[in-house]
Amino acid sequence: MTASATASKAGWRVKQPSIIPGFGLTLGFSLAYLSLIILIPIAGLLWRTAELGWSGFLAILMDERTIRALYVSFGTAFAAALINVVFGTLLAWVLTRYRFPGRRLIDAMVDLPFALPTAVAGIAFASLYAPNGWVGSLFMPFRIAYTPYGIVIALIFIGLPFVVRTVQPIMEEIDREVEEAAATLGANRFQTIFQVLLPGLTPAILTGFALAFARGVGEYGSVIFIAGNIPYVSEIAPLLIVIRLEEFNYAGATAIATIMLLISFAMLLVINLIQAWSRGRYGNA
Amino acid sequence: MEVRINNIRKEFDRFAALNEVSLDIASGELIALLGPSGSGKTTLLRLIAGLDFPTDGQIFFGEEDASHSSVQERNVGFVFQHYALFRHMTVAENIGFGLKVRPSATRPPKAEIRKKVSDLLDMVQLSGLENRYPNQLSGGQRQRVALARAMAIEPRILLLDEPFGALDAKVRKELRRWLREFHDRTGHTTVFVTHDQEEALELADRVVVMSQGKIEQVGSADDVYDRPQSPFVFSFIGESSHLPVEVKDGTVLFQGEPVGLSESADTAGDLFFRPEDVTLTDEAHALSGKVTASRRLAGTRIAEIDIANNGHAPFHVEIEVPLHAPIELGSEARFRPTRWKIFSK
């Protein structure tokens, strides 16, 4: 008894007696796993890029075509994520608040973008929104497919479940009493939603936004079919990477990938900080 | 503000949660709605607030028929069982919310709202906590924030749903006394729901005892305890025992034998009495049974007695016995109620 007590005092603080054992094992496994899946590939990416040297890297970064491609990728992903936040939250609201025939069907449909091969979605959108397609012809002479607007539409499709599925569970937890309390205090429906309910959902909505945005930036399959892929106009960065690869310009491809990685990382970090701040204000949301 | 509830009926999916309920609440009164779960007490409170609407009947606020006014129009203060504080707002923002959301024509200026919030914080003894968030408060503090928030809108009536239900026993007792003082100071018409009879009897001017969607009795604590008007009230409030009896020629008969009690009208029904309203006796005409257990209860001793029932399960009654008088387990106890009531079947 005494011996073991001294031993534990002298040993590592992490190894405190716990009713849930296995900390060392699970942490070790997690680190090894993360290394294999994420850290080593990213390290390889940076390694390949480093071969270019600073000047080479800057040349690719400053290249007009790269800048336009990055602008298209991040701009469309941002717009799509914003739209998804509005309509995804609305959809989550309808699914959690109302009981109507077909609710389960709609609920299941939300997950479709997860399951459907993205190329299939891309081809379907391209034919629908093309200037001679069902929907596209209605909007002529305004062109949707083969412009950045087409990209936004594809990314809305891809990102929608991320917003709905992160907001929905938090919405289900909202206490009916809180809404009723707002009503007894004289708040109308509008005030209740915008001053009482939505602030409570902010962290979840931000998470949904971050996920949809990150997914949109990396999306390739569905976008290339509807984008038209015109350099400087509707060419996305992932496509530019593939083009560079096909030219056997591996360093150029990894350089663009590195830039994307850095921008994405910076943006997700900012979103996380905003989240942490809004969470810190009133405990766990 | 006086409130009149007139023949209210409320159905949920054809199940009647409230059935022909009428109640007059005088201005400045503190009323308790007391009953077991499912008795309709919370439903009645929500109907008064306008959080639900009656299937039938009217609710008057003074002379005004408020039956179909929205909850916003009714201007009631409602304190929810779990407080329902807005967790993303500070204590001060919570309390000021009802003033802030008013249309600009009636909204007080910011400085005035701030002044009012700080007055209310004083009143509920939470000064200095205005910038805390609800999750940084204890249960009793949250309860008082909820109360201050409800009072901020100067409600015509204050409604509390199980106000002490989620608190521990000690805080509960303190808050109970505090609420009584608060009520006496502000003079607001107040209705609260509880399933705790001690709370209702101690706190309320009048207690409304409810069961199965109906009002069983309305009266002061003395009324409902000393003069229960129905078997339900007699057994729900306080301790009691009951035995099936008959009244013939003015004499009360139990199992065909007189028990030394007389009653004016002949009837058959249940004889109700409280453990403390019993005297031990040696006389021939009395109730008698075997003592099966005895337990000490604060300043008294309670004996449990089984009265034989011709081979059926025995009748079980509880009586209070003198603290120091020897009453042995297994011995025969003879007793007679000194105060009782027979409810006809």
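In what order do the strands of the open sheet of 5 strands in chain B run? Let me start there, and good morning, everyone. Please keep in mind throughout that this is a predicted model.

The order is S15-S19-S16-S17-S18, and the pairing is antiparallel. As a reminder, strands of a sheet pair through backbone hydrogen bonds, either parallel or antiparallel. Now look at the edges of this one in chain B: S15, residues 278–280, and S18, residues 312–321, each have a single partner strand, so each has one side left without a neighbour in the sheet. If you rotate the view, you can follow the turn between neighbouring strands, which is 45° on average, ignoring direction.

Let's zoom in on one pair inside that sheet. Strand S16 of chain B, residues 287–297, joins strand S19 of chain B, residues 332–337, through 4 bridges in the antiparallel sense. A handy place to put your cursor is Leu287(B), which has Phe335(B) of S19(B) opposite.

Stepping back to chain B as a whole, we have 9 helices and 20 strands. The C-alpha trace of chain B spans about 80 × 45 × 35 Å along its principal axes. Of its 345 residues, 40% count as buried. For those of you who like contact maps: take the contacts in chain B between residues at least 6 apart in sequence, and 65% of them join residues at least 24 apart.

Over to chain A, and a helix pair. Helix H4, residues 64–97, packs against helix H11, residues 189–218, at an angle of about 145°, and their axes are 8 Å apart. The crossing of H4(A) and H11(A) is right-handed. On the H4(A) side, the residues in this contact include Phe74(A), Ala77(A), Phe78(A), Ala81(A) and Gly88(A). From H11(A), they meet residues including Ile205(A), Gly208(A), Phe209(A), Ala212(A) and Phe213(A). What is the make-up of this contact in nonpolar, polar and charged residues? The contact of H4(A) with H11(A) has 11 nonpolar and 7 polar residues, and no charged ones.

Finally, where do the two chains come together? Chain A brings 18 residues to the contact and chain B brings 20. On the chain A side, helix H10, residues 176–184, and H11 each supply at least two residues. H10(A) gives the most to that side, with 6 residues. By type, the side of chain A that touches chain B divides into 8 nonpolar, 6 polar and 4 charged residues.

That's my tour, thanks for listening!

Note on methods
Residues are numbered from 1 along each chain as its sequence is written. Chains are lettered from A and ligands numbered from 1 in the order in which they are written. This is a predicted model: local features need pLDDT of at least 70, side-chain atom pairs count only at pLDDT 80 or more; totals for chains, interfaces and linings use all residues. Two strands pair if DSSP finds at least two bridges between them. Axes are lines fitted to C-alpha atoms, for helices over the stretch in contact, and angles run from 0 to 180 degrees between N-to-C directions. A crossing is left-handed if the near helix is turned anticlockwise from the far one by less than a right angle, and right-handed if clockwise. Two residues are in contact if their C-beta atoms, placed from the backbone, lie within 7 Å. Ala, Val, Leu, Ile, Met, Phe, Trp, Tyr, Cys and Pro count as nonpolar, Asp, Glu, Lys and Arg as charged, and the others, Gly among them, as polar. A residue is buried if 20 or more other C-beta atoms lie within 10 Å of its own, exposed if 12 or fewer, and partly exposed in between; C-beta atoms are placed from the backbone.
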